[in-house]
Amino acid sequence: DDNAHPPITPVKPGDNLSGNEARLYEFVTRRFLACCGKDGLGQETTVKIDLAGEIFTANGLMILERNFLNVYKYENWNAKTIPTFYVGEQFEPKALRMVQGRTTPPQPISEPELISLMDEQGIGTDATIAEHIKKILDRGYVEKRGQLFYPLPLGRALLQGYKNMGFDLGKPELRAEMERDMRDIVQGQKTKQEVIDKTVAVMKRLFGIASRSLHHLRDAARVEFQPLDMSRWQRAQLADGSQPQCGACRGLMELRVKEASSAGESVPRALLCTGCGVHCALPPGGNLSSHQHRCPLCSFQVLTVANPTSGSSHTICPHCYKKAPESAFGNGRSSASELRCFGCAAQCPLVGSGTALDRPCPRCNNGRVVVRQRKAP
């Protein structure tokens with residue numbers, strides 16, 4: 001219990017439930033019972049082997065008591081058997097294999113992973129973590145595609161700018177320390193004024209550094225938002241070999257790709273109109289192909305972005321992706337730095353399975369709610 005609100009406690013059998021309701025009740029019940037159980041116990045063995053000066057490691061795990069894991073089936077903890085070794089023992093390997101491979105960049109972080117990391121660092125509570133995540137989305141620092149978070153130019157510029165100033169506000173230490181101080185107030189170990197004075201002193205120092213180093217923020221923003229110079233970019237083809245049509249002059253657009261400066265680097269891509277010279281920045285990942293639909297806001301031909309690994313796909317207007325008009329976001333909605341069709345407020349079949357209605361928010365009366373109307377079967 002984080003003292004923000006009482007935990008969900010099952011109080012009666014769920015015999016009358018079925019389907020998703022029964023599965024949800026089972027999860028809540030198993031979670032509650034697991035919280036009352038003992039920690040799982042195991043013994044881990046780590047073996048370090050010196051082979052011609054190169055150090056290799058192997059890990060083994062023997063589970064002694066599963067305890068709460070016997071109830072909580074949603075976490076896996078499996079034993080791993082390795083041969084028995086003794087300190088100083090010498091042995092002759094049966095085989096030596098050299099496997100060729102390459103390093104790959106990490107996947108974007110998912111919402112469950114982010115929540116787990118925030119909880120691990122002591123940032124937020126069960127009642128406030130969702131609000132923290134909503135804030136970075138509303139401010140346009142990141143965008144969420146499915147369950148994954150992707151950084152946007154504004155977020156990247158701020159992080160790099162502050163890092164160049166000498167302090168990395170992207171790290172959790174500062175926020176985690178503020179959270180610890182607030183918990184100390186609740187527990188009576190510190191007074192409210194002590195924490196306020198300490199926090200103001202820290203923020204005043206950081207504000208002074210930032211005020212004297214604004215050029216770092218400008219430089220970082222210039223890198224993220226600078227106009228594209230494609231004079232040296234290589235010509236390429238879309239996955240289907242097509243050339244989408246420009247919405248400004250109806251000419252054909254060709255794909256241009258910037259040469260990567262290092263292995264594993266994300267390669268910038270853009271469409272360049274061979275007629276009027278209009279250019280549109282594109283997402284760095286995914287296979288691109290032309291879609292038959294035209295954007296109702298700017299008349300550019302829509303592109304399909306397919307993920308060959310997951311098999312999923314989505315659509316974008318190449319012009320609105322970086323230069324979306326205000327009408328793409330609806331009244332009262334904050335704009336995103338990178339717009340995809342599923343996040344657009346226009347009345348367009350690619351947005352959803354029907355038309356979009358813009359209505360006042362019934363809760364606050366200030367914001368707007370975009371309602372998608374499903375088409376009749």
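This tour goes from a sheet to a cavity and then to a pocket.

The model is predicted, with local features needing pLDDT of at least 70, side-chain atom pairs counting only at pLDDT 80 or more, and totals for chains, interfaces and linings using all residues. Residues are numbered from 1 along each chain as its sequence is written, and side-chain values use heavy atoms, without hydrogens and water.

**The sheet.** Select strands 5 to 8: an open, antiparallel sheet of four strands in the order 5-6-7-8. Strand 5 (234-236) and strand 8 (279-282) are the edges; each has a single partner strand, so one side of each lacks a neighbour in the sheet. From one strand to the next, the twist averages 35°. (Strands are DSSP runs of E, at least two residues, and helices runs of H or I, at least four, numbered from the N terminus; two strands pair if DSSP finds at least two bridges between them.) Now add strand 6 (residues 253-257), joined to strand 5 by three bridges. Find Ala236, opposite Leu255 in strand 6.

**The cavity.** Next, select Cys295, Cys317, Cys320, Cys341 and Cys344, the closest to the centre of the largest cavity among its 16 lining residues. The space there is about 130 Å³. (On a 1 Å grid over the protein atoms alone, a 1.4 Å probe fits in a cavity but cannot get out; a pocket is an open set with protein on both sides within 12 Å along at least five of seven lines; lining residues have an atom within 4 Å of a point.)

**The pocket.** Finish at Ile136, Tyr141, Leu159, Leu169 and Gly170, the closest to the centre of the second largest pocket among 34 lining residues. Its volume is about 1,500 Å³. Show helix 4 (153-165), which gives the most to this lining, five residues.

Terms used: Axes fitted to C-alpha atoms, helices over the stretch in contact; angles between N-to-C directions. Points joined across faces, edges and corners; volume = space filled by probe spheres on them.
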